[in-house]
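Open your viewer and get ready to select a few residues at a time. Each stop below tells you what to pick next and what you will find there.

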Amino acid sequence: MIPSPPVNLVCFIQNSVLQECTLPLDTAKVRLQLQKKAVEGDGIALPKYRGLLGTVGTIAREEGAASLWKGIVPGLHRQCIYGGLRIGMYEPVKNLYVGKDHVGDVPLSKKILAALTTGALGITVANPTDLVKVRLQAEGKLPAGVPRRYPGALNAYSTIVKQEGVRALWTGLGPNIGRNAIINAAELASYDQVKEAVLRIPGFTDNVVTHLIAGLGAGFFAVCIGSPVDVVKSRMMGDSAYKNTLDCFVKTLKNDVSSSSVLSHWLWKNPAILQT
């Protein structure tokens, strides 16, 4: 009998393939998140990037289709480190919180606590990979003769350390921990919860359809909750104009978000919805 591959290995391969397939959406998401309102005279100029398809089309037209996969190398680094840690530690940490003598379904509060813990620990280790990915994705079309800030991912790691110091690799760690802890908790805890609820419905069994329903619900729920923190994280990593997390959040809310468009921006203009 052929032994089953380790769960962590399967998760890493799955996440790596998904990373390659969805990276264009992630690149579009980063460009939209870093885009600020451009004031032109007494009015406001139209933004360069508008919506998912418009952003993807603009990047492909101005920089070439390959630019949509900027950040693929650090993206794979991130999946290897963060994905492996958050998923691999979830069950042991959850069992630690409920105790070895626990019988029956795990309480939702324990699932959320375990997912918050593994998400925070995982991204603390993987933050440098996220920083490099965002910076590579953020760089748009440059004027003729102007060299790129970072020729590649490995060069980006070393250049950041040389120019800004080792601590700079953990720029944006605060909102990144918040973002990934929240999303991880929403994904893993709601996935478990939705799956348990579906299995209570007559006719449903623990099969692919049930897992698909649980995954779709968990992904949508996670993005809706984590999107605001994700914007702050991307801006802090891609723009050095912010003093700290609170400063970035306040300036973004004040200058770039109108109260009437907050909900529509989070839900319907966010490529992360489709990416997830």
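Start where helix 7 meets helix 8: select Val 231, Val 232, Arg 235 and Met 236 in helix 7, together with Thr 245, Cys 248, Phe 249 and Thr 252 in helix 8, and you have the two sides of this contact. Sorted by class, the residues here are five nonpolar, two polar and one charged. Bear in mind as you look around that this is a predicted model.

Now show the two helices whole. Helix 7 covers residues 208-238 and helix 8 covers residues 245-255; their axes come within 10 Å and cross at roughly 110°. With that angle, helix 7 is roughly perpendicular to helix 8. Turn the view to follow the handedness too: this crossing is right-handed.

Stay in helix 8 for one more residue and select Leu 253. Is Leu 253 buried or partly exposed? Its relative accessible area is 46%, so Leu 253 counts as partly exposed. For a distance to try in your viewer, pick the C-alpha atoms of Leu 253 and Val 232: they are 21 residues apart along the chain and separated by 9.9 Å.

**Across to helix 4**

Keep helix 7 on screen and add helix 4, which spans residues 108-138. Helix 4 and helix 7 pack at an angle of about 75°, and their axes are 9 Å apart. That makes helix 4 roughly perpendicular to helix 7. To light up the contact, select Asn 127, Asp 130, Leu 131, Val 134 and Arg 135 on the helix 4 side, then Lys 233, Ser 234, Met 237 and Gly 238 on the helix 7 side. This set divides into three nonpolar, three polar and three charged residues.

Next, move along helix 4 to Lys 111. How does Lys 111 count, buried or exposed? The answer is buried, because its relative accessible area is 1% and buried means under 20%. Show what surrounds Lys 111: leaving out residues up to four places away in sequence, it touches Tyr 90, Lys 94, Val 106, Ala 189, Asp 192, Gln 193 and Glu 196.

Another helix 4 residue to select is Gln 137. Gln 137 is buried, with a relative accessibility of 0%. Apart from neighbours within four places in sequence, Gln 137 is in contact with Leu 23, Asp 26, Thr 27, Val 30, Arg 31 and Lys 70.

**Into the loop**

From here, go to Glu 139, which sits in the loop between helix 4 and helix 5. Glu 139 has a relative accessible area of 15%, so it counts as buried. Which residues does Glu 139 contact, beyond its neighbours within four places in sequence? Select Arg 31, Glu 63, Lys 70, Arg 148, Arg 149 and Tyr 150 to see them. Tyr 150 also gives you a distance to check: its C-alpha atom and that of Glu 139 are separated by 9.2 Å, with the two positions 11 residues apart along the chain counted as their spacing.

**Helix 3 against helix 5**

Bring up helix 3, residues 72-98, alongside helix 5. Their axes come within 8 Å and cross at roughly 80°. Helix 3 and helix 5 are therefore roughly perpendicular to each other. The residues that meet are Val 73, Pro 74 and His 77 from helix 3 and Ala 153, Leu 154 and Tyr 157 from helix 5. By class, this contact has five nonpolar residues, one polar and no charged ones.

**A stop in helix 2**

Helix 2 runs over residues 51-63, and Leu 52 is the residue to pick there. Leu 52 counts as buried, at 19% relative accessibility. Its C-alpha atom is separated by 7.5 Å from that of Leu 25, although the two are 27 residues apart along the chain.

**Zoom out**

To finish, show the whole chain. How many helices and strands can you find? There are 10 helices and two strands, and from the N terminus the order is α-β-β-α-α-α-α-α-α-α-α-α. The chain has 276 residues, and 41% of them count as buried. Among contacts with a separation of 6 or more, 73% are between residues 24 or more positions apart. Switch on the surface last: the accessible surface comes to about 15,000 Å², with 66% belonging to carbon and sulfur atoms.

Definitions and conventions. Residues numbered from 1 in each chain as written. Predicted model: local features only at pLDDT ≥ 70, side-chain atom pairs only at ≥ 80, totals over all residues. Heavy atoms only, no water. Axes fitted to C-alpha atoms, helices over the stretch in contact; angles between N-to-C directions. Helix = DSSP H or I, 4+ residues; strand = E, 2+ residues; numbered from the N terminus. Parallel < 35°, antiparallel > 145°, perpendicular 65-115°, else oblique. Left-handed = near helix turned anticlockwise from the far one by under 90°. Contact = heavy atoms within 4.5 Å. Nonpolar A, V, L, I, M, F, W, Y, C, P; charged D, E, K, R; others polar. Buried < 20%, exposed > 50% of the residue type's maximum accessible area, 1.4 Å probe, protein only. Areas by Shrake-Rupley, 256 points an atom, 1.4 Å probe, with all protein chains shown as cover.
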